[in-house]
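Please open the model in a viewer with the cartoon and the side chains ready to switch on. The stops below say what to select and what is found there.

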Amino acid sequence: MEKYIPDIYQKSIYKINYESLYSRGIKCLIIDLDNTLAPITLKTPNKKIKDLISSLNKMGFKIIIFSRSLKKTKVFSDALGVDVLFKSFNSLKKIFTKIIADYNLDIENVALIANQMVKDIKCGNLVGITTILVNPIGKKEYFTTYTSRILENIISKKLRENDLFTKGKYYE
């Protein structure tokens, strides 16, 4: 069950203490696009997203956005000037490992920011990178995400019962 527990849990991507991450040696942020950085209904990045990414770039972070939505990912990548990874339906564990190899990164310098425990956080933990769980930024989700949320709710209940993780109790 520990593979589902994030290293950090915050309400949103805007509540993360990025200065603390940077001082801990995190230099690369792999950010899930859909319902982590932007609601799935948002087609282009708004000012708030642009300001966040600009701020992170100025701090010295390497930013990589990933998503299953190829067209949307390209639009965000172009508008934000960041690297992008189209994750399709491949194994996220393989994708995160590929990012680390392709960018010549050390595992301890990489953090994943995402809103799904079952798919994203689990895979990030299996690779050994820092994992940061945030609540979904929008209410609407893709159909495949709805099915993952059922399993996530079961896992969250077991983690809460064992006093390992409780949704809504945020921590750094």
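A residue is called buried here when its relative accessible area is under 20%, and exposed when that value is over 50%. The model is a predicted one.

**Stop 1: strand β5.** Select residues 110-114. Five of the five residues of β5 are buried, so the strand is mostly covered. Show the side chains: Val110, Leu112 and Ala114 point one way, Ala111 and Ile113 point the other way, and all of them are buried. In a regular strand, side chains alternate between the two faces of the sheet.

**Stop 2: the whole sheet.** Now colour the strands. The sheet is open, has six strands in the order β1-β6-β5-β2-β3-β4, and pairs them in parallel. Which strands stand at the edges? They are β1 (8-10) and β4 (83-86); each has a single partner strand, so one side of each lacks a neighbour in the sheet. From one strand to the next, the twist averages 20 degrees.

**Stop 3: the partners of β5.** Add β2, residues 28-32. β2 and β5 are parallel and pair over four bridges, and Cys28 has Val110 as its bridge partner in β5. Then add β6, residues 130-134, which runs parallel to β5 and is joined to β5 by four bridges. Ile113 stands opposite Ile132 of β6. Include α5 (117-127) in the selection: β5, α5 and β6 together make a right-handed β-α-β unit.

**Stop 4: strand β3.** Select residues 62-67. Five of the six residues of β3 are buried. β3 pairs with β2 in the parallel sense over five bridges; here Ile30 stands opposite Ile64, and Ile31 stands opposite Ile65. To get from β2 to β3, the chain passes through helix α2 (residues 47-59) in a right-handed β-α-β crossover. On to β4: β3 and β4 pair in the parallel sense over four bridges, and Ile65 stands opposite Val84 in β4. Ile65 of β3 is thus a residue to keep labelled, with Ile31 and Val84 facing it.

**Stop 5: helix α3.** β3, α3 and β4 make another β-α-β unit, also right-handed. Helix α3, residues 70-80, packs on the sheet and touches β3 and β4. The direction of α3 makes about 175 degrees with that of β4.

**Stop 6: helix α4.** Select residues 92-102 and show Leu92, Ile95, Phe96, Ile99 and Ile100, the buried residues of this helix. Those residues cover an arc of only 140 degrees around the axis, which puts them on the same side of α4. What do they pack against? The contacts are with β2, β3, β4, β5 and α5. Turn the helix over: the face away from the buried side carries the exposed residues Lys94, Ala101 and Asp102. After α4 comes Asn104, which has a positive phi, near 55 degrees.

**Stop 7: the cysteines.** Select Cys28 and Cys123. A disulfide is a covalent bond between the sulfur atoms of two cysteines. How many disulfides does a search of the whole structure find? The count is zero. The cysteine sulfur closest to that of Cys28 is in Cys123, 17 Å away, which is too far for a bond. Cys28 is buried, with 0% relative accessibility. Cys123 is buried as well, at 13%.

Terms used
Residues numbered from 1 in each chain as written. Predicted model: local features only at pLDDT ≥ 70, side-chain atom pairs only at ≥ 80, totals over all residues. Heavy atoms only, no water. Pairing = 2+ DSSP bridges. Helix = DSSP H or I, 4+ residues; strand = E, 2+ residues; numbered from the N terminus. Axes fitted to C-alpha atoms, helices over the stretch in contact; angles between N-to-C directions. Contact = heavy atoms within 4.5 Å. Disulfide = S-S within 2.5 Å. Buried < 20%, exposed > 50% of the residue type's maximum accessible area, 1.4 Å probe, protein only. Arc of directions from axis to C-beta. Right-handed = clockwise from strand over helix to strand, strands pointing away.
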